[in-house]
Amino acid sequence: MESSPLISAGLPIALFIIMIGIGMTLTIRDFRQVAVYPKGMIVGTVAQILVMPLIAFMLATLLAVPPAIAVGLVIIAACPGGTTSNLFVLLSRGNIALSIVLTVSASLITILTLPLFTNIALQHYMGTEEDIVLPVWKTIGMLVGIVLFPVAIGMVVRTRNPEVARKAESIVSIFGGIVLAVLIVALVYGVRDQIWELLKQAGPATILLNVAGIGLGLAAGRLAGLTQRESLAVAVELGVKNGTIALMVTLTLLESSAMSIPAAVYGVLMFPIGFVLAMYGRSIIPISTLQSKP
């Protein structure tokens with residue numbers, strides 16, 4: 001279940017380029033809008049940090065999954081949105097500034113909450129408790145290097161040369177779509193010998209967790225009075241998780257291949273489901289809406 005060189009080396013480079021392009025679609029005003037009207041950030045953060053792990057506990061109980069799978073399910077649910085969530089929000093025409101803020105804030109908060117939920121799950125399902133510690137500086141460095149820095153570069157380009165930024169927007173969407181397609185193929189190919197066994201063990205629970213997260217984001221957004229673009233950003237952040245962190249916890253810190261199964265399955269399934277959500281977003285949000293953000 002280890003990442004191939006294509007994923008471990010190629011994906012960060014591709015994401016860096018994509019995030020520059022995403023930055024070209026943003027202005028300081030977009031982030032100021034999120035700060036002035038923080039409802040989307042509050043709804044998304046609470047749902048990501050608190051509600052998703054609780055849903056995982058509920059699914060694990062209802063489906064009576066094996067203890068190790070249950071722990072792994074809680075771990076992936078407690079992980080923040082991945083950096084690729086920002087790309088999915090771009091493709092779905094959601095609020096990109098809100099997505100970036102949610103990615104960064106949730107990633108920093110889960111440094112505290114992920115170990116907490118992991119230990120609760122270990123105690124509840126396995127009868128054990130371990131001291132889980134996430135690498136704080138590595139997490140912050142990843143966010144700065146792959147999210148904040150390239151976005152800042154893109155925003156500077158937009159400020160100095162708006163025409164170049166406008167031309168780059170469609171190219172970024174196409175490139176992003178290609179990257180995600182290649183990623184799905186690489187992930188499926190990497191587990192081709194185990195895919196049916198993995199799906200049998202953790203498929204139903206992980207699919208339900210993913211769909212529940214997306215549904216929660218859309219429903220909570222509507223109930224909270226968020227715009228369609230804000231609701232889509234929240235839904236994507238809840239559905240597209242940082243599986244790398246979950247695999248690091250289960251394989252490196254807990255040294256359990258069984259617990260890593262939900263993260264591996266989720267990491268494969270969230271991309272095609274994310275594509276469907278992106279197509280849904282493009283069908284309900286006209287491109288003209290992007291001219292009047294958020």
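Modeller: A polar contact is a pair of N or O atoms within 3.5 Å; within protein, one must be able to donate a hydrogen and the other to accept it, and residues adjacent in sequence count only if both are side-chain atoms. The structure above is a predicted model, in which local features need pLDDT of at least 70, side-chain atom pairs count only at pLDDT 80 or more, and totals for chains, interfaces and linings use all residues. Residues are numbered from 1 along each chain as its sequence is written, and side-chain values use heavy atoms, with hydrogens and water left out.

Colleague: What lies 2.6 Å from the backbone nitrogen of G81?

Modeller: A polar atom of the side chain of Q48 lies 2.6 Å from the backbone nitrogen of G81. That distance is within 3.5 Å, the limit for a polar contact.

Colleague: Why is Q48 called buried or exposed?

Modeller: Buried means under 20% relative accessible area, exposed over 50%, and partly exposed in between (1.4 Å probe, protein chains only). Q48 has 1% relative accessibility and therefore counts as buried. Q48 is found in helix α3, residues 39-63. Helices here are DSSP runs (H or I, at least four residues), numbered from the N terminus, and strands are E runs of at least two.

Colleague: Which residues does Q48 touch, not counting those up to four places away in sequence?

Modeller: Contact means heavy atoms within 4.5 Å. By that rule Q48 touches P53, A77, P80, G81, L102, A106, E237, L238 and K241.

Colleague: What makes L50 partly exposed?

Modeller: L50, also in helix α3, has 44% relative accessibility, which falls between the two limits, so L50 counts as partly exposed. Together with I42, V46 and L54, L50 makes a nonpolar surface patch of about 350 Å². Patches take residues with over 30% relative accessible area and no salt bridge (a side-chain nitrogen of Lys or Arg within 4 Å of a carboxyl oxygen of Asp or Glu). Like charges are joined within 9 Å, and nonpolar side chains (Val, Leu, Ile, Met, Phe, Trp, Tyr) within 5 Å.

Colleague: How do you know that helix α5 is mostly covered?

Modeller: In helix α5 (residues 84-92), 9 of its 9 residues are buried. Among them are T84, N86, F88 and L91.

Colleague: What is notable about the phi of R93, which follows α5?

Modeller: Phi of R93 is near 65°, a positive value in a residue other than glycine. Most residues other than glycine have a negative phi. R93 lies in the loop between α5 and α6 and counts as buried because its relative accessibility is 14%.

Colleague: Why is A64 called buried or exposed?

Modeller: A64 has a relative accessible area of 62%, which is over 50%, so A64 is exposed. A64 is in the loop between α3 and α4 (67-78), and has a positive phi of about 50° although it is not a glycine.

Colleague: Which residues touch the most other members of the largest nonpolar core?

Modeller: I22, L26, I100, Y125 and L209 do so, within a core of 73 residues. Helix α6 (residues 96-126) gives the most to this core, with 12 residues. The term denotes a set of buried Ala, Val, Leu, Ile, Met, Phe, Trp, Tyr and Cys residues joined through side-chain atoms within 4.5 Å.

Colleague: How far apart are G274 and N210 in sequence and in space?

Modeller: G274 and N210 are 64 residues apart in sequence and 9.4 Å apart in space, C-alpha to C-alpha. G274 lies in helix α12, residues 257-284, and counts as buried because its relative accessibility is 7%. V276 lies in helix α12 as well, but counts as exposed because its relative accessibility is 58%. V276 and S92 are 184 residues apart in sequence and 9.2 Å apart in space, C-alpha to C-alpha.

Colleague: What does the chain contain as a whole?

Modeller: The chain has 12 helices and 0 strands. Of its 294 residues, 54% count as buried. Among contacts between residues at least 6 apart in sequence, 85% join residues at least 24 apart.

Conventions
Accessible areas come from the Shrake-Rupley method with a 1.4 Å probe; for residues, only the protein chains shown count as cover.
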